[in-house]
Amino acid sequence: MKLCVALDMANFEDNINLAKELKGLDIWLKVGLRSYLRDGVKIINEIKNIGDFKVFLDLKLYDIPNTMADAAEVIAKSGVDMINLHASAGLRAMKMVMDRLSNIKNRPLVLAVSALTSFNQNEFMEIYNDNIQNSVIKFSQAAYKAGLDGMVSSVFESKIIKENTSRDFITLTPGIRPFGESSNDQQRVANIQTAKEMKSDFIVVGRPIYEAKNPREVVEKILKEI
Ligand code: C5P
């Protein structure tokens with residue numbers, strides 16, 4: 001299991017300082033929409049200059065197939081190691097993205113978002129008219145068929161995803177509160193032990209790390225536990 005630290009802080013300097021503070025640790029760093037919209041590829045280059053970090057660019061693409069493929073191609077060429085899109089964009093869109101990326105040497109891993117971890121069952125039902133578990137199975141099977149590398153989901157769906165696709169189909173699970181910290185706006189949260197039991201390949205942790213007094217200490221503690 002790998003730890004992916006979310007660089008979700010308010011400005012470029014804070015995110016870069018956090019990366020510097022975590023230099024040398026065996027972790028991935030996640031760059032989100034706010035940072036990328038503001039700082040663009042500069043933040044990716046800067047992180048890569050700091051240390052030997054793998055970078056997950058979390059933009060959750062969602063559009064018509066051709067537009068998604070165009071966007072995926074651009075970000076795949078920016079030197080990141082993992083990107084993602086919404087599975088609800090559909091099988092055709094996912095296939096088109098993978099088709100486009102097949103020409104790129106060392107393409108990044110591509111994951112599909114199933115259900116945002118901020119949804120509870122009722123909120124999810126209102127939009128998708130199905131329960132989370134059924135939809136996650138459906139979305140994962142479509143993503144697997146389209147040739148993606150894995151899924152973003154809550155810990156609680158990680159095992160089901162693998163059972164319905166393949167053991168090697170990656171699961172990346174946000175909503176982790178390593179040592180029982182506040183769940184904030186996340187609804188389906190779990191600790192590291194549960195993530196392990198559910199066979200999560202990547203855990204994503206944001207606020208419990210960057211809001212801590214000593215983020216490096218928290219990361220080291222998490223790494224010990226995983
Ligand atoms: O601070 P926290 O640990 O809740 O951060 C979780 C990170 O994972 C955020 O950057 C959020 O956007 C991201 N994420 C998520 N749920 C998903 C996909 C991504 O929480 N389904």
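The following legends describe close-up views of a predicted model.

**View 1. The span covered by the domain annotation.** An unreviewed UniProt entry annotates residues 2–222 as "domain: Orotidine 5'-phosphate decarboxylase". Helix makes up 45% of this span and strand 18%. The C-alpha atoms at the two ends of residues 2–222 lie 10 Å apart.

**View 2. Strand β4 and its surroundings.** Strand β4 comprises residues 82–86, and five of these five residues are buried, so the strand is largely enclosed by the rest of the structure. In a regular strand, side chains alternate between the two faces of the sheet. Both faces of β4 are covered. On one side, Met82, Asn84 and His86 are buried, and on the other side Ile83 and Leu85 are buried as well.

**View 3. Pairing of β4 with strand β3.** Strand β3, formed by residues 54–61, runs parallel to β4 and is joined to it by three bridges. Within this pair, Leu57 stands opposite Ile83 of β4. Between the two strands the chain passes through helix α4 (residues 65–76), in a β-α-β crossover that is right-handed.

**View 4. Pairing of β4 with strand β5.** Five bridges connect β4 with strand β5 (residues 109–113), again in the parallel sense. Here Asn84 is placed opposite Leu111 of β5. The connection from β4 to β5 leads through helix α5 (residues 91–101), and this β-α-β crossover is right-handed.

**View 5. Lys105 in the loop between α5 and β5.** Lys105 belongs to the loop that links α5 and β5. Its relative accessibility is 74%, above the 50% cut-off, and Lys105 therefore counts as exposed. Lys105 and Asn164 are separated by 59 residues in sequence and, from C-alpha to C-alpha, by 29 Å in space.

**View 6. Asn129 in the loop between α6 and α7.** Most residues other than glycine have a negative phi. Asn129, although not a glycine, has a positive phi of about 55 degrees. This residue lies in the loop between α6 (121–128) and α7 (132–145). With a relative accessible area of 66%, Asn129 is exposed.

**View 7. Lys199 in the loop between α9 and β8.** Lys199 is likewise a residue other than glycine with a positive phi, near 65 degrees. Its place is in the loop between α9 (192–197) and β8 (202–205). Lys199 has a relative accessible area of 49% and is partly exposed, because this class lies between the cut-offs of 20% and 50%.

Technical notes. Residues numbered from 1 in each chain as written. Predicted model: local features only at pLDDT ≥ 70, side-chain atom pairs only at ≥ 80, totals over all residues. Heavy atoms only, no water. Buried < 20%, exposed > 50% of the residue type's maximum accessible area, 1.4 Å probe, protein only. Helix = DSSP H or I, 4+ residues; strand = E, 2+ residues; numbered from the N terminus. Pairing = 2+ DSSP bridges. Right-handed = clockwise from strand over helix to strand, strands pointing away. UniProt positions renumbered as here; feature names shortened; annotations may be inferred.
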